[in-house]
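User: I have a model open and would like to talk through how its strands and helices are arranged. Could you take me through it?
Analyst: Gladly; here it is.
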Amino acid sequence: MTNVAQEPNFDVHQLSHTELFTPVLADSLEFFTKILGMTVVHEEGDSIYLRGYEDVYQYSLILTQAEEAGMGFSAFRTSSQPALDRRVAALKEAGVEVEERTNNYGYGTSYRFKDLDGHVIELFWEVEKYKAPDHLASGLGNRAQRKPARGVPVRRIDHVNLMTHPDMVHKNHEFWRDVLGFRVREGVLNDKDEFFATWLSVSPLVHEVALMGDELGGHGRLHHLAFWYGMPQHLNDVSELCVEHGIPIEAGPLKHGVSQALCMYIIEPGGNRIELFGDSGYLIFDPDWETVKWAPEDAAKAIIWFGGELPETYFRYGTPRIEDETDELNCYFNPIKNSLEKEDMAIHISKEREKQLYETFNFKVKD
Ligand SMILES: [Fe+2]
């Protein structure tokens, strides 16, 4: 029996780009260009703009020098100018403060606001599509740019996971659903039968946005930003590079229960968690898809179906970082020192030795 579903709106269309703050801009840039094979298209002030080779617009990532890691904002393109006007009107009607912004590099007027947990989001319609210069042009007419011969290059941006105060996840998912038009594809429930985590999309993908409970009770933090490969083998290839060059792998390669994606998590030098998608998992074409609900006791299985154990800091670590009593277990905080200590290979490592180790791995350590 077909559900009597609310008329869907298709006003918000896709995730376009995300700004990441990093306290070590040069190291983050090395990682994104040399390990993930991204291409720099623009520099402005303290920001560097980068793209994956199949991103259709100018760029999908802005790296900005800042005191602390975290997400500056995430921008979504709407399906038309009237669609943008409708969503801006809906935001204002919902009492959300909206800031009109012009002079955006590579896209037109945008409307910036915060979701209910404080994540900064933008909507826009007008955009400049990427036209590769001759030396970067691909022989494939359907590929925006020649595949770079650096690292294991990502193809495009995929989704963003917004860490949300546990008491706010349910309300915030209603905001994304009712005001912005996202469909709720899957969710993990808490003991009150409300969502502790949800995965939402505006396309056949299972998610362009996830909202996930922050066990440290933070607001507006970033859990991770994800890029897409489309080929599971690339996860093994990039794992080799990460191990060789001292980039901490948090988990994977593995398979998610939610979305069925093949993926892995790594921590870029600035401290932000990055997910890589080897395979997006299943797609949804059913117009009145019923939200898949996972019981609280199945949360770990929802995140990792197979391929490892859920790290203890998974629902705790995000950026900006919050001091955490599990820091000694937190491989991202100081990966080399902690992994050596865990293996009983070092009781104490001097700052100097630590610096040498980082240099061995070709990444500078911040004093
Ligand atoms: Fe993800």
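User: What is the order of the strands in the open sheet, and how are they paired?
Analyst: In this predicted model, eight strands make up an open sheet with mixed pairing, and their order is E2-E3-E4-E1-E5-E8-E7-E6.
User: Which are the edge strands?
Analyst: They are strand E2 (39-44) and strand E6 (99-101), each of which pairs on one side only. From one strand to the next, the twist averages 25°.
User: How many bridges join E2 to E3?
Analyst: Five bridges link E2 with strand E3 (residues 47-51), and the two run antiparallel; within this pairing, Thr39 has Arg51 in E3 as its bridge partner.
User: And what does helix H1 touch on the sheet?
Analyst: Helix H1 (residues 25-35) packs on the sheet in contact with strand E1 (12-22), E2, E3 and strand E4 (61-65), and its direction makes about 160° with that of E4. Helix H2 (residues 81-93) also packs on the sheet, where it touches E1, strand E5 (70-78), strand E7 (110-114) and strand E8 (120-124), with its direction at about 145° to that of E8.
User: Switching to helix H3, which of its residues are buried?
Analyst: In H3 (residues 169-178), the buried residues are Val169, His170, Asn172, His173 and Trp176. They span an arc of only 165° around the axis, which means that they lie on the same side of H3.
User: What covers them?
Analyst: The cover over the buried residues of H3 includes strand E9 (156-164), strand E10 (183-189), strand E11 (195-201) and strand E12 (209-213).

Technical notes: Residues numbered from 1 in each chain as written. Predicted model: local features only at pLDDT ≥ 70, side-chain atom pairs only at ≥ 80, totals over all residues. Pairing = 2+ DSSP bridges. Helix = DSSP H or I, 4+ residues; strand = E, 2+ residues; numbered from the N terminus. Axes fitted to C-alpha atoms, helices over the stretch in contact; angles between N-to-C directions. Contact = placed C-beta atoms within 7 Å. Buried ≥ 20, exposed ≤ 12 C-beta atoms within 10 Å, placed from the backbone. Arc of directions from axis to C-beta.
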